[in-house]
Amino acid sequence: MATINKSSSWKILNTHFEKTKSIHMRDLFSKDMNRFKNFHIQYEDFLVDFSKNRITDETLNLLINLAKEAKFENWRDRLFAGDKINFTENRSALHIALRNRSNNPILFNGKDIMPNVNKVLNQMKEFSENVRKGKIKGYTGKKIKSIVNIGIGGSDLGPAMICKALKPYGTNEITPYFVSNVDGADIAQTLDTCDPESTLFIVASKTFTTQETMTNAYSARTWLLKYLKDQEAIKNHFVAISTNQIAVEKFGINKENIFEFWDWVGGRYSLWSAIGLSICIYIGMENFKELLEGAHDIDNHFKEAPLNKNIPVILALLGLWYINFFKFNTHAVLPYDQGLSLFPSYLQQADMESNGKFIDRDGKKISYHTGPILWGESGTNGQHAFYQLIHQGTEVVPSDFIMPIHSHYSIGKNGNEHHKILIANFIAQTQSLMMGKTNKEASLELKKQNLNQETIKQLTPHKTFEGNRPSTSILFNKLDPKSLGRLIAIYEHKIFTQGVIWNINSFDQWGVEYGKQIAKLVLPKLIEPIETSGFDSSTNNLINYTKKNI
């Protein structure tokens with residue numbers, strides 16, 4: 001296809017941008033008393049308020065025209081049809097099948113894949129319930145009290161994030177742990193808290209060859225055998241989520257304890273698959289199904305809602321507006337719920353691994369910005385860390401504020417003091433980022449403090465805020481399995497939408513693979529006794545310095 005920034009829609013948007021880029025949002029609100037009404041979407045209990053963004057009706061219409069010119073709707077149809085849109089790996093991207101709670105047929109190579117999806121779900125249900133009920137025990141007969149998920153990337157970030165977010169739904173009898181880093185501290189510190197007789201390890205690796213995951217898995221196996229002293233114990237304490245049955249059985253795991261997933265499941269979309277086994281064990285299968293149900297709701301919304309009322313599409317277009325026209329190249333995700341403290345980290349992989357690309361689908365170098373640098377922290381912690389930069393820094397950071405209206409925890413005066421303070425901060429931050437504080441307003445505030453004129457003059461510039469800093473507010477009733485499933489799916493489809501418009505493949509990750517390739521070349525050089533000279537001077541010297549001092 002033609003480069004999107006050469007399209008007629010892009011050129012019209014650019015002209016519109018030049019005309020509107022200096023408009024202040026406080027003026028947009030003062031001129032339009034219905035601005036909130038016109039720029040929000042209500043879906044079930046989800047309220048998405050995007051009125052505090054630097055857009056007009058015309059902006060939104062022009063952005064939708066851009067999506068249409070990029071043939072977004074056709075690509076969306078291809079995603080749901082199971083086409084091999086991940087063309088560099090000749091794969092479909094059918095994570096939507098994993099949460100297809102309608103159970104309508106979904107075809108892959110002409111065959112309905114739902115029977116296999118449901119078969120694995122039933123296997124997960126039986127296994128997780130037997131662990132929770134104590135029917136599956138450790139080698140010495142002890143009930144399982146710790147589950148250690150060993151994976152990396154999507155095999156770690158998704159399950160870890162969800163188990164933390166849904167702790168109110170988790171069993172008190174089993175503690176989940178997540179080990180991903182090949183740094184020995186990660187597995188060593190985890191094992192220090194576990195009893196080998198009551199620990200179950202879940203090794204999550206599609207190929208069962210991932211270096212970090214298998215290094216940690218073998219270390220865990222060595223630790224277990226040190227205490228239990230019988231190879232047979234591996235069968236009671238290890239399960240695998242993999243497609244490599246031969247390697248799994250060689251490790252010592254029973255083939256009955258191998259959970260299948262497929263090459264049409266990308267790592268960063270795998271929490272919906274058997275990779276979610278740790279989630280099932282911790283929160284129970286019925287809650288896991290609610291998680292799937294929530295994501296399925298958004299799949300249907302994304303597929304069916306008009307573009308101007310489509311939550312993932314609107315979020316995607318707003319992001320593109322800022323990245324490609326305003327040149328605001330970072331994006332903050334700010335959840336006002338401690339349970340969602342890992343959500344920004346989860347989205348970093350989902351977004352930056354998907355759309356951090358400079359080559360388009362046609363193999364050409366891209367001449368415009370693609371994926372943003374995504375970061376964030378839970379509120380109110382972030383307010384006392386980096387919000388200063390968001391309010392007054394030279395870098396404008398569009399932000400998503402995420403807030404459940406009700407908390408799981410009754411604490412403080414009247415049982416909701418903490419949560420009301422949290423909500424007040426959530427609302428106040430979006431308002432102050434939008435409105436700012438003018439020089440005149442800052443000066444008047446200082447005068448009320450009875451300061452002298454010289455002090456007022458000196459302090460006024462420091463107390464002034466430009467405002468006009470965009471944010472989107474996402475509210476929902478409560479952080480439960482269904483709402484979390486919806487929230488994750490919203491961002492998944494947002495990322496896909498942006499990738500389509502940027503004409504990139506959002507489903508491969510060759511940068512990740514390249515780093516692994518180089519690591520495999522470096523590792524033998526760290527082991528051999530002779531001086532290394534086969535790389536560039538910096539790499540040679542780093543290797544040689546390390547060998548001398550290790």
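**Close-up views of a predicted model**

**View 1. Valine 148 stands opposite tyrosine 177 in strand E6.** Welcome to this predicted model; we start where two neighbouring strands meet. E5 and E6 pair in the parallel sense, and five bridges join them. Strand E5 covers residues 146-150, while strand E6 covers 175-179. Together with H8, these two strands make a right-handed β-α-β unit.

**View 2. Five strands form an open sheet with parallel pairing.** Reading across the sheet, the order is E6-E5-E7-E8-E9. Strand E6 and strand E9 (258-259) stand at the edges with a single partner strand each, so one side of each has no neighbour in the sheet. At the E9 end, E8 (residues 238-241) pairs with E9 in the parallel sense over two bridges. Here you can find alanine 240 opposite isoleucine 258 in E9.

**View 3. Helices H8 and H9 lie across E5, E6 and E7.** Helix H8 spans residues 154-165 and runs at about 150° to E6. Helix H9, made of residues 184-191, runs at about 160° to E6. Strand E7, which both helices lie across, takes in residues 199-204.

**View 4. Phenylalanine 127 and phenylalanine 259 form an edge-to-face pair.** A search of the whole structure finds 33 aromatic pairs, and here is one to look at closely. The ring centres of phenylalanine 127 and phenylalanine 259 are 5.5 Å apart and the planes meet at 75°, so the pair counts as edge-to-face. Phenylalanine 127 belongs to helix H7 (residues 114-133) and phenylalanine 259 to strand E9, so the pair ties together parts 132 residues apart in sequence. Phenylalanine 127 is buried, with a relative accessible area of 7%; phenylalanine 259 is buried too, at 0%.

**View 5. Phenylalanine 496 and phenylalanine 507 make a tilted aromatic pair.** Their rings are 6.1 Å apart centre to centre, with 35° between the planes. Phenylalanine 496 sits in helix H21 (residues 481-502), and phenylalanine 507 in the loop between H21 and helix H22 (510-527). Both phenylalanine 496 and phenylalanine 507 are buried.

**View 6. Eight aromatic residues form one cluster.** To trace the cluster, look for Trp10, Phe17, Trp321, Tyr322, Phe325, Phe326, Phe328 and Tyr368.

**View 7. Two arginines place their charged ends over aromatic rings.** The charged end of arginine 221 sits over the ring of phenylalanine 251, at 4.8 Å from its centre. For arginine 361, the ring beneath the charged end is that of tryptophan 75, with 3.8 Å to the ring centre.

Conventions: Residues are numbered from 1 along each chain as its sequence is written. This is a predicted model: local features need pLDDT of at least 70, side-chain atom pairs count only at pLDDT 80 or more; totals for chains, interfaces and linings use all residues. Side-chain values use heavy atoms; hydrogens and water are left out. Two strands pair if DSSP finds at least two bridges between them. Helices (H or I, at least four residues) and strands (E, at least two) are DSSP runs, numbered from the N terminus. Contact means heavy atoms within 4.5 Å. Axes are lines fitted to C-alpha atoms, for helices over the stretch in contact, and angles run from 0 to 180 degrees between N-to-C directions. A crossover is right-handed if, with the strands pointing away from the viewer, the path from the first strand over the helix to the second runs clockwise. Rings of Phe, Tyr and Trp (its six-membered ring) pair if their centres lie within 6.5 Å; planes under 30 degrees apart count as stacked, over 60 as edge-to-face and the rest as tilted. Buried means under 20% relative accessible area, exposed over 50%, partly exposed in between (1.4 Å probe, protein chains only). A charge sits over a ring if NZ of Lys or CZ of Arg is within 6 Å of the ring centre and within 35 degrees of the ring normal.
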